[in-house]
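Okay, thanks for making time, everyone. I'll put the structure up and then talk through the parts I find worth a look.

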Amino acid sequence: MLASRGCGSAPCTSGRTFVPAVPTVGSRVCCRRSVQLHLHPSVTASASSGAASALGVLQATRPIDRLRYQAKLIFDYFDQDRDGQLSATQVGQYVEYCNERFGAGRSDLDALYTPLLVGGNPLGFEEFVELVRGQVKALSVNGRFVEGAVKGTELGRLLYKCAITTAEMSAALAVFKLLDFNADGYVRIDELERAQGIEKKVLDDVLRDADENNDGFLSFEDWLDSYARERPALLAMAVLAAHTAVYYLIFNSPVDTLFKAVLAVLVLLKPQFITNPVIKIYHIVKALMDRGRATQALGGMGAPGTA
């Protein structure tokens with residue numbers, strides 16, 4: 001059982017036992033309700049004029065920058081005096097806070113912290129956003145971070161359920177831990193009420209529904225609902241076919257039976273080794289096909305001023 005769910009008004013410095021982006025381009029469709037894609041105003045304005053509409057989709061669509069609004073929640077938590085910047089003391093508190101959640105002595109993260117601690121200068125919001133981006137990127141480089149928190153078949157189940165990669169789940173876990181201000185394994189919905197922009201929409205459209213027992217707390221699996229993609233039937237079939245092919249190759253390979261059994265168990269415990277590449281290939285192919293269709297539609301409209 002996880003620790004009791006408390007509420008703190010200052011950065012928590014206690015340890016934790018925890019067992020539990022970042023959305024990219026395009027619409028994020030969760031397991032329950034969807035988060036709509038936000039476009040530049042130029043795209044909306046051009047929607048009424050043939051060629052400009054297709055060109056707008058190709059050129060003016062940009063990723064939903066959820067991480068910026070998530071960083072704002074974390075920044076406000078540490079900016080206790082509400083002066084719009086973190087003092088050297090508050091920066092030190094934040095680094096200690098992160099070390100408790102991600103582990104101390106990580107060279108990839110220490111490289112981000114050292115210039116801040118040595119300089120002793122205040123940290124503004126924009127600089128803080130870049131710091132959080134750097135942390136999430138560092139923690140998403142390989143699967144060790146999420147694999148250390150979510151074990152074995154549970155990791156495979158969540159990856160398959162949400163149709164995301166290990167790197168994307170690592171990014172989601174990094175933000176979850178940063179927003180778990182009490183280090184109890186939950187994010188409080190009332191802590192998210194201050195959210196702005198797209199994160200406010202995610203809260204209203206996805207996360208409130210994810211709290212199925214209406215206790216005001218989100219587990220990591222609940223939190224993942226807001227990162228999940230819709231799993232098209234074609235992708236599900238591709239994943240199933242890939243797993244079937246791997247097992248067929250294992251059991252029909254000219255190797256020792258014991259070795260076959262070891263390989264089969266490894267695939268069972270680490271399904272992400274197969275699922276991740278299939279998901280990546282699917283989304284790459286889909287993006288290329290979508291772009292090709294948009295380019296074809298643009299070409300079919302003809303050059304401006306022609307019949």
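One term before I start: when I say contact, I mean heavy atoms within 4.5 Å. And keep in mind that this is a predicted model.

With that in hand, take Tyr94. Which residues does Tyr94 touch, once we leave aside its neighbours within four places in sequence? The list is Ile74, Phe78, Phe128, Leu131, Val132, Gln135 and Leu178. Tyr94 is also one of the residues with the most contacts inside the largest nonpolar core, along with Phe128 and Trp223. That core has 60 residues. The helix that gives the most to this core is H9, residues 166-179, with nine residues. There's also a second, separate core, of ten residues, and Ala242, Ile250, Val267 and Ile274 are among them. As background, nonpolar side chains tend to be buried together in soluble globular proteins.

Let me zoom out for a second. The protein has 307 residues, and 42% of them count as buried. We've got 15 helices and six strands. The accessible surface comes to about 15,600 Å², with 60% of that belonging to carbon and sulfur atoms.

Back to H9, then. How many of the 14 residues of H9 are buried? It's 13, so this helix is largely enclosed by the rest of the structure. As for its length, H9 reaches 20 Å from its first C-alpha to its last, close to the 20 Å expected at 1.5 Å a residue.

Staying around H9, look at Ser140. Ser140 sits in the loop between helix H6 (125-139) and helix H7 (144-149). Is Ser140 buried or exposed? Its relative accessible area is 15%, and the cut-off for buried is under 20%, so Ser140 counts as buried. Ser140 and Thr166 are 26 residues apart along the chain, yet their C-alpha atoms are separated by 7.9 Å. Setting aside neighbours within four places in sequence, Ser140 is in contact with Ala167, Ser170 and Ala171.

Next up is H11, residues 197-210. Why do I say the length of H11 agrees with expectation? Because at 1.5 Å a residue its 14 residues should span 20 Å, and its end C-alpha atoms are 19 Å apart. H11 does bend, though, by about 45° at Leu203. The buried residues of H11 are Ile198, Glu199, Val202, Leu203, Asp205, Val206, Leu207 and Ala210.

Two of those I'd like to pick out. The first one up is Glu199, which is buried, at a relative accessible area of 1%. What does Glu199 touch, leaving aside its neighbours within four places in sequence? Its contacts are Arg66, Tyr69, Gln70, Leu73, Leu207 and Trp223. Trp223 should ring a bell, since it came up with Tyr94 and Phe128 in the largest nonpolar core. The other residue is Val206, also in H11, and it's buried with a relative accessible area of 2%. Val206 and Asp225 are 19 residues apart in sequence, and 7.1 Å apart in space, C-alpha to C-alpha.

Now the backbone. Most residues other than glycine have a negative phi. Here are two that go the other way. Arg82 isn't a glycine, but has a positive phi of about 55°. You'll find Arg82 in the loop between helix H3 (66-78) and strand E3 (85-86). Arg82 is exposed, with a relative accessible area of 56%. Then there's Ala183, not a glycine either, with a positive phi of about 55°. Ala183 lies in the loop between H9 and strand E5 (187-188). Is Ala183 buried or exposed? At 6% relative accessibility, Ala183 counts as buried.

Last item, cysteines. Cys98 is buried, at 0% relative accessibility. Cys162 is buried too, with a relative accessible area of 1%. And how many disulfides does a search of the whole structure find? Zero.

That's what I had. Happy to rotate the view if anyone wants another look.

Notes: Residues are numbered from 1 along each chain as its sequence is written. This is a predicted model: local features need pLDDT of at least 70, side-chain atom pairs count only at pLDDT 80 or more; totals for chains, interfaces and linings use all residues. Side-chain values use heavy atoms; hydrogens and water are left out. A nonpolar core is a set of buried Ala, Val, Leu, Ile, Met, Phe, Trp, Tyr and Cys residues joined through side-chain atoms within 4.5 Å. Buried means under 20% relative accessible area, exposed over 50%, partly exposed in between (1.4 Å probe, protein chains only). Helices (H or I, at least four residues) and strands (E, at least two) are DSSP runs, numbered from the N terminus. The expected span of a helix is 1.5 Å times one less than its number of residues. The bend at a residue is the angle between axes fitted to the seven residues ending there and the seven starting there. Accessible areas come from the Shrake-Rupley method with a 1.4 Å probe; for residues, only the protein chains shown count as cover. A disulfide is a pair of cysteine sulfur atoms within 2.5 Å.
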